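Work through the following exercises with the structure at hand. Each task is followed by a solution in steps.

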Amino acid sequence: EQARSFREELAAAGRVRPDIAYGERPRNRLDLFLPQGEPVGLVVFIHGGYWKAFDKSYWSHLARGALEKGHAVAMPSYTLCPEVRISEIGREIGAAVGKAAELVAGPVRLTGHSAGGHLAARMVSVGTPLASDVQARIRNVVSISGVHDLRPLMATGMNATLQIDEAEALSESPALLRPVDGARITCWVGGAERGEFRRQNALLANIWTGLGATTASVEEPDRHHFSVIEGLCDPNHALTRTLLG
C-alpha cells in the first residue's frame, strides 16, 4: 500500500517512468523515479525475496529518501528462481543497471535488500556483468541484510527452488570473490535480525577490507529484517546518508 500510494503521488507529478524494458523476459522491467529538477546521479535499488519472490512494485516508497536528495532511483524486477538460476539473475541485474545508467547521467550508487544485497555486491565483484563504462561510474554500494556466501543455503529446504550447487556458490558468492578495483561497500544489517544475517553482514566487510576495498559494517539497533530498509524513506536517515555519501 505504501508503495502504491507513492507511485501514484509521483505519477501525478509526472515524475515516474514505469515498466522500462531492459531485456526480453516478462519481468525484465524497471521503474524510474525522478527528482525535482535535473538528477545529480542515479541510485538503483534491488529487491529481496530469496531470489524467488516479490517484484519492484512492493518497494517504490523506498525511493523517497534519495529522490529528496536529488537522485533518480531505478527499481528493477527480475526473473525468479526456479525459472532461472541465481547466476542468470545477476546478469539480468547487470543489464538493468546498464539500462538505467543510459537514462540518467552522473555517478551511480547501488543498494539492495537481502537477496538484493547479494546482487548489489555481485555488481562490484570480479566477474561483474556490468560493462566497464558503467562499472567506472559506481561510487558506492550498500548491501542491506545481504546474503554474501551462498553455500549455507545449499543445506536449506529452499534450495529445492534455488538449485544452488557448489560450483554456483563458488562463482556467485561475493564473499568468495575479489572486489573490483576501487570498490566501496557498506554492509548494513538490523541488530535484531537472525544471527546468520548478522554474520554474513560482517563477513563480507571483513574479507573485502583485506582485499583492497573500502568497507564498513553497521548493525542498526532494534531493526529486524524488514524494518531495516525503512531508513531509505528518510533523506536524513543514516542509511540514506551512507548510501549517498
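**Exercise 1. An aromatic cluster**

Does Trp59 count as buried or exposed? Then describe the cluster of rings that holds Trp59.

Solution. The model is a predicted one.

Step 1. The cut-off for buried is under 20% relative accessible area. Trp59 has a relative accessibility of 10%, so Trp59 counts as buried.

Step 2. Phe54, Tyr58 and Trp59 make up one aromatic cluster. The structure holds five aromatic pairs. In the pair of Phe54 and Tyr58, the ring centres are 4.9 Å apart and the planes stand at 70°. Planes over 60 degrees apart count as edge-to-face, and that is the class of this pair.

Step 3. The centres of the Tyr58 and Trp59 rings are 6.1 Å apart with 40° between their planes, so this pair is tilted.

Step 4. Phe54 has a relative accessible area of 32% and is partly exposed. Tyr58, at 45%, is partly exposed as well.

**Exercise 2. The sheet**

Give the strand order of the eight-stranded sheet, and state which strands form its edges.

Solution.

Step 1. The order is β1-β2-β4-β3-β5-β6-β7-β8; the sheet is open and its pairing is mixed.

Step 2. β1 (16–21) and β8 (214–220) are the edge strands, each pairing on one side only. On average, neighbouring strands are turned by 20° against each other, direction ignored.

Step 3. Inside the sheet, β3 (residues 42–46) pairs with β5 (residues 108–113) in the parallel sense, over five bridges. Leu42 stands opposite Val108 of β5.

**Exercise 3. Helices on the sheet**

Place α1 and α3 against the strands, then check the length of α3.

Solution.

Step 1. α1 (residues 2–12) lies across β1 and β2 (29–33) and runs at about 60° to β2.

Step 2. α3 (residues 86–103) packs on the sheet and touches β1, β2, β3, β4 (72–76) and β5. The direction of α3 makes about 155° with that of β3.

Step 3. With 18 residues at 1.5 Å a residue, α3 should span 26 Å. The end C-alpha atoms of α3 are 26 Å apart, which agrees.

Step 4. The buried residues of α3 include Ile86, Ile89, Gly90, Ile93, Gly94, Val97, Ala100 and Ala101. Residues three or four places apart on an α-helix point the same way, because there are 3.6 residues a turn.

**Exercise 4. The nonpolar cores**

Which residues touch the most other members of the largest nonpolar core?

Solution.

Step 1. The core has 51 residues, and Leu42, Trp51 and Leu110 touch the most other members. α3 gives the most to this core, with seven residues.

Step 2. Apart from this core lies another, of 22 residues, among them Val16, Met75, Ile229 and Leu244.

Step 3. Leaving out residues up to four places away in sequence, the contacts of Leu42 include Leu32, Ala74, Ala100, Ala101, Val104 and Val108.

**Exercise 5. Backbone exceptions**

Find where Asp19, Trp51 and Pro82 lie, and state what sets their backbone apart from the general pattern.

Solution.

Step 1. Most residues other than glycine have a negative phi, and most peptide bonds are trans.

Step 2. Asp19 is in strand β1. Its phi is near 55°, a positive value in a residue other than glycine. With a relative accessible area of 47%, Asp19 is partly exposed.

Step 3. Trp51 is in the loop between β3 and α2 (64–68). Phi of Trp51 is also positive, near 60°. Trp51 has a relative accessibility of 0%, so Trp51 counts as buried.

Step 4. Pro82 lies in the loop between β4 and α3. The peptide bond that joins Cys81 and Pro82 is cis, with omega about 10°.

**Exercise 6. A loop glycine**

Where is Gly106, and how many Å lie between its C-alpha and that of Ile144?

Solution.

Step 1. Gly106 is in the loop between α3 and β5. At 33% relative accessibility, Gly106 counts as partly exposed.

Step 2. Gly106 and Ile144 are 38 residues apart in sequence, and their C-alpha atoms are 23 Å apart in space.

Technical notes: Residues are numbered from 1 along each chain as its sequence is written. This is a predicted model: local features need pLDDT of at least 70, side-chain atom pairs count only at pLDDT 80 or more; totals for chains, interfaces and linings use all residues. Side-chain values use heavy atoms; hydrogens and water are left out. Two strands pair if DSSP finds at least two bridges between them. Helices (H or I, at least four residues) and strands (E, at least two) are DSSP runs, numbered from the N terminus. Axes are lines fitted to C-alpha atoms, for helices over the stretch in contact, and angles run from 0 to 180 degrees between N-to-C directions. Contact means heavy atoms within 4.5 Å. The expected span of a helix is 1.5 Å times one less than its number of residues. Buried means under 20% relative accessible area, exposed over 50%, partly exposed in between (1.4 Å probe, protein chains only). Rings of Phe, Tyr and Trp (its six-membered ring) pair if their centres lie within 6.5 Å; planes under 30 degrees apart count as stacked, over 60 as edge-to-face and the rest as tilted. A nonpolar core is a set of buried Ala, Val, Leu, Ile, Met, Phe, Trp, Tyr and Cys residues joined through side-chain atoms within 4.5 Å.
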